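Here is a short briefing on one structure. Look at the model first, then work through the points below.

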Number of protein chains: 2
Amino acid sequence: MDKKPTKAPIRLLIVDDHPVVRAGLSSMLGKQPGLKLVGAAAGAEEALALLERCPVDVVLLDLRMPKMSGIESLPAFRKLTSPPQVIILTSFEFDEEIYRAVQAGARGYLSKETSREEIVTAIATVHAGRQYFPPAIASRLTERTHRSNLSPRELEILEMLSRGFTNKEIGRAFGISRYTVRNHINSINHKLEVCDRTEAASVAMKQGIISLA
Amino acid sequence: MDKKPTKAPIRLLIVDDHPVVRAGLSSMLGKQPGLKLVGAAAGAEEALALLERCPVDVVLLDLRMPKMSGIESLPAFRKLTSPPQVIILTSFEFDEEIYRAVQAGARGYLSKETSREEIVTAIATVHAGRQYFPPAIASRLTERTHRSNLSPRELEILEMLSRGFTNKEIGRAFGISRYTVRNHINSINHKLEVCDRTEAASVAMKQGIISLA
DNA sequence: TCGCGCATGGTACAAATGTACTAGTACGGT
DNA sequence: ACCGTACTAGTACATTTGTACCATGCGCGA
């Protein structure tokens, strides 16, 4: 054997705003051989500060956090001199957010109901440069990629529309004309295969394209 | 002082399907003076089996679990010979589910981002027979109780409306005139305090008034 | 009996929405 | 250089939706 895992433990950083989760992961992974828990940050800013000072191999990142969300922080992670591999950590089974996180460079996904064994496997996998997605998530991701190719603009407008704003109001909000808004909504309706804005809002919520918050 | 907290520690049971959360809460509360962690169940069935054998004062109950959900298990808890006080434990800030859980007898609410201090306070409070709800949740609960007096007809129409049917189509479906449908929708919009049908569909889904299926 | 909420149908009008086009700019990939 | 996509803006017209009313009848509780 020319490789000793104890020689180069995987440096790990936990980023989660929930004290419960930080404590849980720390106690589950802290003494795991082959892993070195570098820290546990409560927010993206704290994590970035830490990453700039000391290198980390794998980050377990909560998507839903106050202030800077996990997704927002991903580009910042990638700009670092030695960007860590990022595993998404969330309670939610599926969501547009996971999809967006993957597009932003996340390499793996873990639900919070995952066992310690699987978490360790996932960390090792992404550290080895591969992706780690449970089958259920993977299939959903491919679904999303193929489905509903709404453009960023269309997504924003869909969001507003579902909150009851009129085309005119949406136009004002984004600084574009109500005609353009109308055109975007027509595209949305076609892409989602619905016949009006109300159904668009409805199916968008059901499919997790827009959040239920 | 005539009372020693160490004489009668509060017996605590954690019910959560997430290993991470169980580990986190256990490590946060296990050594807390005045508390005695009786166990940590991964599901409602396991919790019930445990409760039948040994008495527990307070249960921290996850609402979202596979198989039997937290809400479903609440009535079973109350049928026990010495029913425990139940604190809802969930990641979600608000939800129709919290409302239903309270109606089913839950005495407190804790988000998973709560600090150890607040968790301990909540446990002590409900054990003392009082309720523990953070202000934000409490106000939302009173909102829910007062809201949504939709009549059966209005509910049917809300359902159709969210599927993208026009007033005319809804009228045909129910054998009433499109004018009547329009009037009903106006009532719905007023009762839900929204300005149009699209927002009505949106908030109805968020509040669980109409199903996400 | 009276009032109230629910359900019904209607008129008249204003506003918003949707459809069917045309057409320009910009940007990225082949 | 060309193509495709996104984003933009507009016109013209039909349809839908929303608002403000009015009116009827039913059932139920005070």
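Of the 21 residues around DNA strand C, those that come nearest are A:D196, B:S151, B:R153, B:I176 and B:T180. Here, a residue is near a strand if its C-beta atom, placed from the backbone, lies within 6 Å of it. This is a predicted model: local features need pLDDT of at least 70, side-chain atom pairs count only at pLDDT 80 or more, and totals for chains, interfaces and linings use all residues. Residues are numbered from 1 along each chain as its sequence is written, while chains are lettered from A and ligands numbered from 1 in the order in which they are written.

**DNA strand C**
- α8 (167-174) and α9 of chain A each supply at least two residues of the surface near strand C, and so do α7 and α9 of chain B. Helices (H or I, at least four residues) are DSSP runs, numbered from the N terminus.
- The largest share, five residues, comes from α9(A).
- By class, this surface has five nonpolar, 10 polar and six charged residues. Ala, Val, Leu, Ile, Met, Phe, Trp, Tyr, Cys and Pro count as nonpolar, Asp, Glu, Lys and Arg as charged, and the others, Gly among them, as polar.

**DNA strand D**
- Strand D is surrounded by 22 residues, and the closest are A:S151, A:R153, A:I176, B:T166 and B:D196.
- The largest share of the surface near strand D, five residues, comes from α9(B).
- This surface divides into five nonpolar, 11 polar and six charged residues.

**Where the chains meet**
- 30 residues of chain B are in contact with 30 residues of chain A. Contact means that the C-beta atoms of two residues, placed from the backbone, lie within 7 Å.
- On the side of chain B that touches chain A, α1 (19-29), α7 (152-162) and α10 (197-206) of chain B give two or more residues.
- α1(B) gives the largest share of that side, eight residues.
- That side has 12 nonpolar, nine polar and nine charged residues.

**Nonpolar cores**
- The largest nonpolar core has 86 residues; A:L12 and B:V59 are among those with the most contacts inside it. Such a core is a set of buried Ala, Val, Leu, Ile, Met, Phe, Trp, Tyr and Cys residues joined through C-beta atoms within 7 Å. Buried means that 20 or more other C-beta atoms lie within 10 Å of a residue's own, with C-beta atoms placed from the backbone.
- A second, separate core of 33 residues includes A:V181, A:I185, A:I209 and B:F165.

Conventions
A residue is buried if 20 or more other C-beta atoms lie within 10 Å of its own, exposed if 12 or fewer, and partly exposed in between; C-beta atoms are placed from the backbone.
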